[in-house]
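Trainee: I have a structure in front of me and would like to learn how to read it. Could you take me through its features one at a time?

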Amino acid sequence: MGTLGRKIAGANVEELIKLLNKAYSDEWLAYYQYWIGSKIVKGPDKEAVIAELTLHATEELNHATLLTTRIIQLGGTPVIKPQDWYKLTNCGYEAPEDPFVVKVLEQNIRGEQCAIKTYNSLMKKIKDTDPVTYNILLTILTQEVEHEEDLQALLEDVNVIMNQK
Ligand code: FE
Ligand code: FE
Ligand code: MG
């Protein structure tokens, strides 16, 4: 990777790589939580929920791609063992053991809220030292905010449908 590119990322590149690997682990777990949720979800408004969960899964995977690209640019190694995702994650993984649509949406909303907090605090940490990473994190955060809103709107629709019955 470029030596000057690495230099402008600030003095504490190793610490930054560690934090990016934590976020990277979150993204893979978020991807799988959405993906498996889209396969097993049951209940009212299922088709709309499946479409949104499937789309979000692909978007989480894209976040992992953005992070891994930056980790490599900074001279780091992205997490190479899936079992390390569990050790490094900020937001964890909520298995959709109850496939009822309300439960699945609530789990994913909690995940998005954790992602929003995580990216927001990471951005504050690096805002004066690494504009390139900051810009990548802003792209991701913007989409996490959209995800939270999409899921809350879907949950409202599901509740409306259930109250009609
Ligand atoms: Fe994400
Ligand atoms: Fe998200
Ligand atoms: Mg969406």
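Trainee: Which protein donors hold the iron ion (ligand 1), and how are they spaced along the chain?

Mentor: Keep in mind that this is a predicted model. To read a metal site, list the donor atoms and then look at where their residues sit in the chain. Here the protein donors of the iron ion (ligand 1) are E27 (OE), E27 (OE), E60 (OE), H63 (ND1) and E144 (OE), at distances of 1.9 to 2.5 Å from the ion, and along the chain these residues follow the spacing E-x32-E-x2-H-x80-E. Distant parts of the chain are linked in this way, since E27 belongs to helix α2 (residues 13–40) and E60 to helix α3, 33 residues apart.

Trainee: Are E27 and E60 buried or exposed?

Mentor: Burial is judged from relative accessible area, and a residue under 20% is called buried. E27 has a relative accessible area of 2% and is therefore buried, and E60, at 1%, counts as buried too.

Trainee: What lies 3.8 Å from the iron ion (ligand 1), and which residue bridges the two?

Mentor: A bridging residue is one that serves two metals. In this model the iron ion (ligand 2) lies 3.8 Å from the iron ion (ligand 1), and E60 coordinates both.

Trainee: Which protein donors does the iron ion (ligand 2) have?

Mentor: The list is read in the same manner. The iron ion (ligand 2) has the protein donors E60 (OE), E112 (OE), E112 (OE), E144 (OE) and H147 (ND1), which lie 2.0 to 2.4 Å from it, and the spacing of the donor residues in sequence is E-x51-E-x31-E-x2-H. Within this set, E144 and H147 both belong to helix α6 and are three residues apart, about one turn of the helix, and both of them are buried.

Trainee: Which protein donors does the magnesium ion (ligand 3) have, and how far apart along the helix are E52 and H56?

Mentor: For the magnesium ion (ligand 3), the protein donors are E52 (OE), H56 (NE2) and D150 (OD), found 2.0 to 2.3 Å from the ion, with the sequence spacing E-x3-H-x93-D. Because E52 and H56 are four residues apart in helix α3 (residues 46–73), about one helical turn separates them. E52 and H56 are both buried.

Trainee: What does the side chain of R70 make polar contacts with?

Mentor: For a polar side chain, ask where it sits and then what it meets. R70 is in helix α3, and its relative accessibility is 6%, so R70 counts as buried. The side chain of R70 makes polar contacts with the side chain of D130, at 3.1 Å, and with the side chain of T133, at 2.7 Å.

Trainee: How exposed is L61?

Mentor: L61, which is also placed in helix α3, has a relative accessible area of 29%, and so is partly exposed.

Trainee: At what angle do helix α5 and helix α6 pack?

Mentor: For a helix pair, read the angle, the distance between axes and the residues in contact. Helix α5 (residues 101–126) packs against helix α6 (residues 131–164) at an angle of about 155°, and their axes are 9 Å apart. That angle makes α5 roughly antiparallel to α6, since angles over 145 degrees are classed in that way. The crossing of α5 past α6 is left-handed, and their contact consists, by class, of 21 nonpolar, six polar and four charged residues.

Conventions
Residues are numbered from 1 along each chain as its sequence is written. Chains are lettered from A and ligands numbered from 1 in the order in which they are written. This is a predicted model: local features need pLDDT of at least 70, side-chain atom pairs count only at pLDDT 80 or more; totals for chains, interfaces and linings use all residues. Side-chain values use heavy atoms; hydrogens and water are left out. Axes are lines fitted to C-alpha atoms, for helices over the stretch in contact, and angles run from 0 to 180 degrees between N-to-C directions. Helices (H or I, at least four residues) and strands (E, at least two) are DSSP runs, numbered from the N terminus. Angles under 35 degrees count as roughly parallel, over 145 as roughly antiparallel, 65 to 115 as roughly perpendicular and the rest as oblique. A crossing is left-handed if the near helix is turned anticlockwise from the far one by less than a right angle, and right-handed if clockwise. Ala, Val, Leu, Ile, Met, Phe, Trp, Tyr, Cys and Pro count as nonpolar, Asp, Glu, Lys and Arg as charged, and the others, Gly among them, as polar. Donors are N, O and S atoms within 2.8 Å of the metal (3.2 Å for Na, K and Ca); water is not among the atoms, so sites may look incomplete. Buried means under 20% relative accessible area, exposed over 50%, partly exposed in between (1.4 Å probe, protein chains only). A polar contact is a pair of N or O atoms within 3.5 Å; within protein, one must be able to donate a hydrogen and the other to accept it, and residues adjacent in sequence count only if both atoms are side-chain atoms.
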